[in-house]
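The following note is offered for your review of the model. Its points are numbered so that each may be checked against the coordinates in turn.

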Amino acid sequence: MINQRRSAARPDIKMFFISAAKYTLLCLVSGLLLYDSWFSGLLLLPGFALYLSRIRKRAEQEERLRRMAEFRDALTSLGACLEAGYSMENAAAAAEKDLACLYSGDSWIRRELSGICRAMENSVPAEEAFRGFAERSGLEEAQSFAELYTTAKRSGGDLLRIIRSAAAVVSGKTEVKREIHTILTAKRLECRVMRLIPPGILVYFRLCSPGFLDMLYEGAFGRILMTAMLLAYLFLAWLMERITEIEL
């Protein structure tokens with residue numbers, strides 16, 4: 001458990017420093033383009049919290065989609081092992097070995113299956129092991145499966161049919177969410193290209209006609225105008241993000 005926490009913390013710290021470096025560079029470039037001063041961009045640094053929140057939210061969505069795909073493959077493998085006559089304890093161990101062909105040893109689903117197997121080896125009931133897995137996963141589908149498995153185990157239901165049904169549901173949801181994610185990714189790329197047009201125009205004039213924009217960098221009127229343009233640009237960029245922001 002400690003190793004899992006450490007491995008989860010390292011990517012988060014790495015993402016923080018990479019995001020901080022990108023945002024700082026973006027602020028400095030913005031200060032140069034808008035106010036002809038690198039250090040003016042430092043005034044935008046307080047917005048890093050919002051930027052980091054958006055990056056983390058996107059990363060969480062990517063992680064959720066990846067976990068759903070891995071969970072679907074695990075259910076498919078579990079169903080195949082149970083159909084072959086394995087008990088749930090042996091099926092979980094066999095599924096973890098089967099997934100070695102698809103995922104590396106430090107993948108989320110293989111770590112979780114190994115934890116489930118160790119729990120059952122320590123006389124923890126299978127339904128409790130799966131409930132713990134569902135709580136850690138944060139997936140609604142995993143929680144529904146754990147509840148169905150617990151009910152079937154207590155009432156003597158058809159476990160194989162339940163696992164097949166759960167695998168079909170998870171597979172369908174995964175495909176739909178991946179299609180939505182692909183469409184949104186294309187639209188977000190279009191939005192990014194559109195957001196690059198105003199800075200690109202400023203870069204073009206500064207390189208090709210250096211004196212053309214001098215009036216925007218001199219005097220109070222120019223600075224007020226550039227600040228108004230910056231606020232309008234940030235509002236439109238935020239509006240684009242809101243339009244393409246769909247919870248998956």
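**Notes on the predicted model**

1. The structure is a predicted model. Helix α6 comprises 16 residues, 140-155, and at 1.5 Å a residue these should span 22 Å. The C-alpha atoms at the two ends of α6 are 23 Å apart, which agrees with that expectation.

2. Which residues of α6 are buried? They are E141, A142, F145, A146, Y149, T150 and A152. These buried residues pack against four helices, namely α2 (48-83), α3 (88-98), α5 (126-137) and α7 (159-208). After α6 comes G156, and the phi of G156 is positive, near 75°.

3. Helix α3 also has a buried set, made up of M88, A91, A92, A94, A95 and E96. The cover over these residues of α3 includes α2, α4, α5, α6 and α7.

4. The pairing of α3 with helix α4 (residues 108-121) merits separate comment. Their axes come within 9 Å and cross at roughly 150°. An angle over 145 degrees counts as roughly antiparallel, and α3 and α4 are therefore assigned to that class. The crossing in which α3 passes α4 is left-handed.

5. On the side of α3, the contact is made by M88, E89, A92, A93, A95 and E96. On the side of α4, R110, L113, S114, C117 and M120 take part. Sorted by class, the contact of α3 with α4 has 7 nonpolar, 1 polar and 3 charged residues.

6. Within α4, L113 may be considered individually. Is L113 buried or exposed? L113 is buried, because its relative accessible area is 4% and the cut-off for burial is under 20%. When neighbours within four places in sequence are left aside, L113 is in contact with A74, A95, E96 and L99. Between L113 and A146 there are 14 Å in space, C-alpha to C-alpha, and the two residues are 33 residues apart in sequence.

7. D73 belongs to helix α2. With a relative accessibility of 18%, D73 counts as buried, since the limit is under 20%. Apart from neighbours within four places in sequence, the contacts of D73 are with L99, L102 and Y103. L99 is thus named among the contacts of D73 and also among those of L113.

8. Two loop residues deserve a check of their backbone angles. Most residues other than glycine have a negative phi. D36, in the loop between α1 (2-35) and α2, has a positive phi near 60° and is not a glycine. S123, in the loop between α4 and α5, likewise is not a glycine and has a positive phi, about 70°.

9. How exposed are these two loop residues, D36 and S123? D36 has a relative accessibility of 42% and counts as partly exposed. S123 is exposed, with a relative accessible area of 67%; the cut-off for that class is over 50%.

Technical notes: Residues are numbered from 1 along each chain as its sequence is written. This is a predicted model: local features need pLDDT of at least 70, side-chain atom pairs count only at pLDDT 80 or more; totals for chains, interfaces and linings use all residues. Side-chain values use heavy atoms; hydrogens and water are left out. The expected span of a helix is 1.5 Å times one less than its number of residues. Buried means under 20% relative accessible area, exposed over 50%, partly exposed in between (1.4 Å probe, protein chains only). Contact means heavy atoms within 4.5 Å. Axes are lines fitted to C-alpha atoms, for helices over the stretch in contact, and angles run from 0 to 180 degrees between N-to-C directions. Angles under 35 degrees count as roughly parallel, over 145 as roughly antiparallel, 65 to 115 as roughly perpendicular and the rest as oblique. A crossing is left-handed if the near helix is turned anticlockwise from the far one by less than a right angle, and right-handed if clockwise. Ala, Val, Leu, Ile, Met, Phe, Trp, Tyr, Cys and Pro count as nonpolar, Asp, Glu, Lys and Arg as charged, and the others, Gly among them, as polar.
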